[in-house]
Amino acid sequence: VCSHESKSKPPGAETTRLCFSSSSTQLVVFSAGTPRLNPTVSLLVQSLSTAATASQIPFYPEGSRRPTPLRMCGIFAYLNYNVSRERRYILEVLFNGLRRLEYRGYDSSGIALDADLSSSSGASYAGAPPLVFRQEGKIENLVRSVYAEVDEKDVNLDAAFNVHAGIAHSRWATHGVPAPRNSHPQSSGAGDEFLVVHNGIITNYEVLKETLTRHGFTFESDTDTEVIPKLAKFVFDKAHDEKGDVTFSQVVMEVMRQLEGAYALIFKSPHYPNELIACKRGSTLILGVNELSGQNSGKPFHDVKALTTNGKPKELFFSSDLCAIVEHTKNYLAIEDDEIVHIKDGSVSVLKFDQDKEKPASVQRALSVLEMEVEQIKKGNYDHFMQKEIHEQPHSLTTTMRGRLKDGGILLGGLKEHLKTIRRSRRVVFVGCGTSYNAALAARPFVEELTGIPVTMEVASDLLDRQGPIYREDTAVFVSQSGETADTLLALDYALANGALCVGITNTVGSTLSRRTHCGVHINAGCEIGVASTKAYTSQIVAMAMMALAIGSDQISTQARRDAIISGLSNLPKNVSEVLKLDVEMKELASSLVDSESLLVFGRGYNYATALEGALKVKEVALMHSEGMLAGEMKHGPLALVDENLPIVVIATRDACFSKQQSVIQQLLSRKGRLIVMCSKGDASAVCPSGSCRVIEVPEVADCLQPVINIIPLQLLAYHLTVLRGFDVDQPRNLAKSVTTQ
């Protein structure tokens, strides 16, 4: 690190100060003061930029945000207070917490809990020594290895604890291969004096690792996380030598002061028995509180500290996701960035960390009540979560619209205060990735039609790569099921830096997206466990349809059109129930396609997005090559692929493009194409008069809502193809639900 300060400055000019920071992978230039650098410094910055480009090193000039990628790990912790729990019970709670987080994606896992307190252990701490277990592969691998090791070590599983703190973690490998030594909890070294589970990436870990190595620490893993517990031990030992005593929160604060990057952390230490500390910056972390007396169950707005200092029996949880705590409690707190949550003696203290202040401020935080039922995270009578979530869509769409269709109009509380600003926008920019991008693409035509505002589409990663123009007069709409998608959040930071009004469309209350955007709409589709998004996709389209109706509600010329769409929304759940009756027919179709190597899906107009999304579903779960294509582009290349073996789905439901799709069908049939045509009920003879193609008939609804109906047969097809091909439906190969890496 070096700095340059100008020795002389002309009258009225500010001092120029530059700081350069480099590593093996990035070169970052931060500057403060005048943007009019003197010629020497300007030349230096230009030279750095040229050198970085030539060396293929990312270069971030003045004013840009240094991107910090996240990763998709799962964190879970359980602390019981003033209530007796056997070690076997604690183990199962931790294992079950990890099972609830499986859908996020992982390749290894681990847990830590307390051994029996022994006076002959010779340890340098008062608490019980930790038992740490780590294993590569599925959660069940960890479960088997833990019970085998417990038997080998003769650990008493029936031992009861009135107070106990356990932590657990599922890891998606970024630094180091999937292996027990790289799994979490990561340790400070011999004796496991500090244990840490971590979701995120520490960007300055190499510098910290080098410093700690010079101080005698030995590193056993390839992870960035290992520097954290070792840094905690370094801070603890140093403070202990100088002051003689140091609190757990003081140790964690000093560790946070040294860390750069994005993280959610939970600390456990035998120096501080029966205490847990959690902190976060960027990654999601939830606190759950279960008062076993039942007096506060379901009552929101209690200050969490006042609620937990009563000495009554309680259970406390930390989790990366609400899905892991819903079966234990509905009282939760979404931890904010730079907050430190300290659990001690059954009491929860929330502190606000400030880099510039030695002591943190105490924060009053109220608990919220989770509007989720435990049945949502169970399969029920279904074989897979994806199957369950496809069939839940009549209900999920109902909850998306509940309370929002009012007196023939639309009421969106999250947008109400910003509607006038949105109406004055020069354009609306939709930003998303994968399925969320497809949902936004499906919404684009009717947003333009009902609002009269031009709409552009951006894949989040491409927007960042191009540094595409975003203006203060733009409204940028960010769409993400989880609200934690890394590329989408980085694009959000970029749009915020450029002064745009930022709107969030997400399924996750308390997510990073919902907190950072100026306003937005929660789609309320319910917890979605299957990696392949189904019900969230249809709820996103409906949420954006309601947004378009609300924005355009001041236009008299579109009143009749809006009334027709609102009427269609009211009947949509019933029509979705009707199309779900095609399940058996889709299973038969899947049987005829199971040996195919590729699938093409043609759509246009409102259903171009349906073609993309249908192909994506087949691709990601059935592991079968499939492509969604704009039917208008058929003659510009794709027509060369057509023969009697390649299955082609053509979406030809009634809308303004219907006659054009009829022409596409005829051209494909004339080249002996193997066609599967999706059409509105009663249109089979119109789309395929020769009877030579397979027809899927679906209910006809308002054209802009037809994508909601049309995607469901394709979701069912993808599901049955996956089952018949013998692949994992809910956790497809190499994929994760919450894509928090770049």
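Strand β10 (residues 195-202) and strand β11 (residues 261-268) run antiparallel and share 8 bridges. Within that pairing, Leu195 is matched with Lys268 of β11. The model is predicted.

## The seven-strand sheet

β10 and β11 belong to an open sheet of 7 strands. The order is β9-β10-β11-β12-β16-β17-β18, and the pairing is antiparallel. Two strands mark its edges: β9 (186-187) and β18 (361-362). Each of these pairs on one side only. Helix α5 (residues 227-243) lies across β9, β10 and β11. The direction of α5 makes about 125 degrees with β10.

## The eight-strand sheet

Another open sheet holds 8 strands, ordered β7-β6-β8-β5-β14-β13-β15-β19. Its pairing is antiparallel. β7 (130-136) and β19 (368-369) stand at the edges. Each has a single partner strand, so one side of each lacks a neighbour in the sheet.

Helix α2 (residues 87-100) packs on this sheet. α2 touches β5 (74-86), β6, β7, β8 (160-171) and β14. The angle between the directions of α2 and β5 is about 155 degrees. Helix α3 (residues 139-153) lies across β6 and β7, at about 140 degrees to β7.

Strand β13 (residues 286-291) sits between β14 and β15 in the strand order. Of its 6 residues, 6 are buried. In a regular strand, side chains alternate between the two faces of the sheet. In β13, Ile286, Gly288 and Asn290 point one way. Leu287, Val289 and Glu291 point the other way. Residues on both sides are buried, Asn290 and Glu291 among them.

The table sets out three antiparallel pairings in this sheet, with one bridge pair for each.

| Strands paired | Bridges | One bridge pair |
|---|---|---|
| β13 and β14 (residues 314-319) | 6 bridges | Glu291 and Lys314 |
| β13 and β15 (residues 331-334) | 3 bridges | Leu287 and Leu333 |
| β6 (residues 108-114) and β7 | 7 bridges | Asp114 and Pro130 |

## Nonpolar cores

The largest nonpolar core has 89 residues. Which members touch the most others? They are Leu415, Phe430, Phe446, Ile505, Met547, Leu569 and Leu572. Helix α15 gives the most to this core, with 13 residues. The core draws at least three residues from each of domain 2 (384-577) and domain 3 (581-729).

Leu569 shows the contacts of one such member. Beyond its neighbours within four places in sequence, Leu569 is in contact with Met401, Leu405, Val542, Met546, Leu549 and Leu705. A second, separate core has 40 residues. Its members include Tyr78, Leu131, Val143 and Val146.

## Helix α9

Is helix α9 mostly enclosed or mostly open? In α9 (residues 393-401), 7 of the 9 residues are buried, so the helix is largely enclosed by the rest of the structure. The buried set is Gln393, Pro394, Ser396, Leu397, Thr399, Thr400 and Met401. Polar names such as Gln393 and Ser396 appear in that list beside Leu397 and Met401.

What do these residues pack against? Their partners are α8 (385-391), β20 (405-406), α15 (535-551), α16 (559-579) and α21 (706-725). Met401 is also one of the contacts of Leu569. After α9 comes Gly403, with a positive phi near 80 degrees.

## Two buried polar residues in loops

Asn507 is found in the loop between β25 (501-506) and α14 (512-516). Its relative accessible area is 13%, and Asn507 counts as buried because the cut-off is under 20%. The side chain of Asn507 reaches the backbone nitrogen of Ala525 at 2.9 Å. Apart from neighbours within four places in sequence, Asn507 is in contact with Ser480, Gln481, Ile523, Asn524, Ala525 and Gly526. Ala525 thus appears both as a contact of Asn507 and as the residue reached by its side chain.

Glu528 lies in the loop between β26 (519-522) and α15. Is Glu528 buried or exposed? At 2% relative accessibility, Glu528 is buried. Its side chain reaches the backbone nitrogen of Lys535 at 3.2 Å. Both side chains, then, reach a backbone nitrogen: Asn507 that of Ala525, and Glu528 that of Lys535.

Technical notes. Residues are numbered from 1 along each chain as its sequence is written. This is a predicted model: local features need pLDDT of at least 70, side-chain atom pairs count only at pLDDT 80 or more; totals for chains, interfaces and linings use all residues. Side-chain values use heavy atoms; hydrogens and water are left out. Buried means under 20% relative accessible area, exposed over 50%, partly exposed in between (1.4 Å probe, protein chains only). Helices (H or I, at least four residues) and strands (E, at least two) are DSSP runs, numbered from the N terminus. Contact means heavy atoms within 4.5 Å. A polar contact is a pair of N or O atoms within 3.5 Å; within protein, one must be able to donate a hydrogen and the other to accept it, and residues adjacent in sequence count only if both atoms are side-chain atoms. A nonpolar core is a set of buried Ala, Val, Leu, Ile, Met, Phe, Trp, Tyr and Cys residues joined through side-chain atoms within 4.5 Å. Domain bounds come from an automatic or database domain assignment. Two strands pair if DSSP finds at least two bridges between them. Axes are lines fitted to C-alpha atoms, for helices over the stretch in contact, and angles run from 0 to 180 degrees between N-to-C directions.
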